[in-house]
Amino acid sequence: MKHEMSFKPLAHMVDGSLSGLHIHDIAGDLGDGPTLGICGAIHGNEHTGTHTILDFVRALRGTPFRGRLKLLPVANPRGFAANERFTSVDRMNLNRVFPGSRQGTYSEQLAELISKEFIEKVNVLVDLHTGTDRPTVDYSYIFNDEGLSRATGSKLLYRPKPGAAYAGTTATLAIDKKIATTVVELGGGIVDQGPYAARGVAALFNIMRYLKMLNGAPAARANQVILSAIALVRPTQGGFIETAAPALGEKIAGGAVLGKIISPYTFAELETMTNPVKNGVMILSHLSRNFIEAGDYAYMVGDLDTVE
């Protein structure tokens, strides 16, 4: 296989640096096939996808395959460097402004570059997300290719109801462009990311088998669950968050305690968060004690009464 890396410049910055994107192009040596695009860190504090892409490239060496890979390991370099969800230049959510605009804000200009130089040049798009550097998450989206989403190996799959998906994302752009796509939400938190990156690598190889880029049939997970509703729980107080919920992928009863907010100053219990879903399954959680601000992501609970 042939591996090339190119830098796509965007803008000269006030500090004298040149912002832009590092894009890897890997051509297989078994002939024609689809072009699979894989990107990570579109939110700057979601690092696990970048770990996954690095490990994937290392594991791929010497493996013959069909088609091409286009890899964007860090889609939001400024946010990544600052370890911030939003683009640090204009404080915008990069994954809400696609397809972007060359005459727009910095984030919109970056989105336009990603659209033109990456998304519009692939047949299949896998966007790797994670639970940031504090919460941990584990599920994948179903959009316009259910088989692609199932090939991720995620136990929990989420098919948004019409109108429920966020606008201005890589996925909505891909759907508009008739590009098969899925979003993998995996890992994050103050825990070792190695096991999550390993699962991500396995998912990418399985996706390549699904796309017939690799020989062999894709592995099929027997116990996958498709949800159409997920409840997001945000605290009204900030402080330490201490989780009482079961592990990710496990069931949780309605009204059960998810976790508590504790003041790191007075040690007082400021808030108890409970499961708002009658019949729930854990999707996002804080696996270790860490801090959280009021209104931030505390927990996500899938509604098992919406299972297809």
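## Strand E3 and its surroundings

Thr35, Gly37 and Cys39 point one way from E3, while Leu36, Ile38 and Gly40 point the other way, and all are buried. This is a predicted model. Six of the six residues of E3 are buried, so the strand is largely enclosed by the rest of the structure.

**Partners of E3.** E3 pairs with E4 in the parallel sense, over five bridges. E3 and E5 also run parallel, joined by five bridges. Leucine 36 takes part on both sides. Opposite leucine 36 in E4 stands leucine 69. In E5, valine 124 is the bridge partner of leucine 36.

| Strand pair | Sense and bridges | Partner of leucine 36 |
|---|---|---|
| E3 and E4 | parallel, five bridges | leucine 69 |
| E3 and E5 | parallel, five bridges | valine 124 |

A helix joins the picture too. E3, H1 and E4 make a right-handed β-α-β unit.

**The nonpolar cores.** In soluble globular proteins, nonpolar side chains tend to be buried together. Here, the largest nonpolar core has 27 residues. Leu36, Ile38, Phe56, Leu69 and Met208 have the most contacts inside this core. Strands E3 (35-40), E4 (68-72), E5 (124-129) and E8 (180-187) each give two or more residues to the core, as do helices H1 (48-60) and H6 (194-210). H6 gives the most, with six residues.

What does methionine 208 touch, not counting residues up to four places away in sequence? The contacts of methionine 208 are Leu36, Phe56, Leu60, Phe65, Leu69, Met213 and Leu214. Apart from the largest core lies another core, of 24 residues. Ile23, Ala75, Leu173 and Ile179 are among them.

**The cavity.** Rolling a probe the size of a water molecule over the atoms shows where empty space is left. The count comes to one cavity of 30 Å³ or more. The largest cavity has a volume of about 50 Å³. Its lining consists of Thr48, Gly49, Thr52, Leu128, His129, Val184, Leu186, Tyr196 and Gly200. H1, E5, E8 and H6 each supply at least two residues of this lining. H1 gives the most, with three residues.

**Serine 285.** Strand E15 (residues 279-285) contains serine 285. Is serine 285 buried or exposed? Serine 285 has a relative accessible area of 1%, so it counts as buried, the cut-off being under 20%. Not counting residues up to four places away in sequence, serine 285 touches Pro135, Thr136, Thr243, Leu248, Ala298 and Tyr299.

Technical notes:
Residues numbered from 1 in each chain as written. Predicted model: local features only at pLDDT ≥ 70, side-chain atom pairs only at ≥ 80, totals over all residues. Heavy atoms only, no water. Helix = DSSP H or I, 4+ residues; strand = E, 2+ residues; numbered from the N terminus. Buried < 20%, exposed > 50% of the residue type's maximum accessible area, 1.4 Å probe, protein only. Contact = heavy atoms within 4.5 Å. Core = buried A, V, L, I, M, F, W, Y, C linked by side-chain atoms within 4.5 Å. Pairing = 2+ DSSP bridges. Right-handed = clockwise from strand over helix to strand, strands pointing away. 1 Å grid on protein atoms, 1.4 Å probe; cavity = no way out; pocket = protein on both sides within 12 Å on 5 of 7 lines; lining within 4 Å. Points joined across faces, edges and corners; volume = space filled by probe spheres on them.
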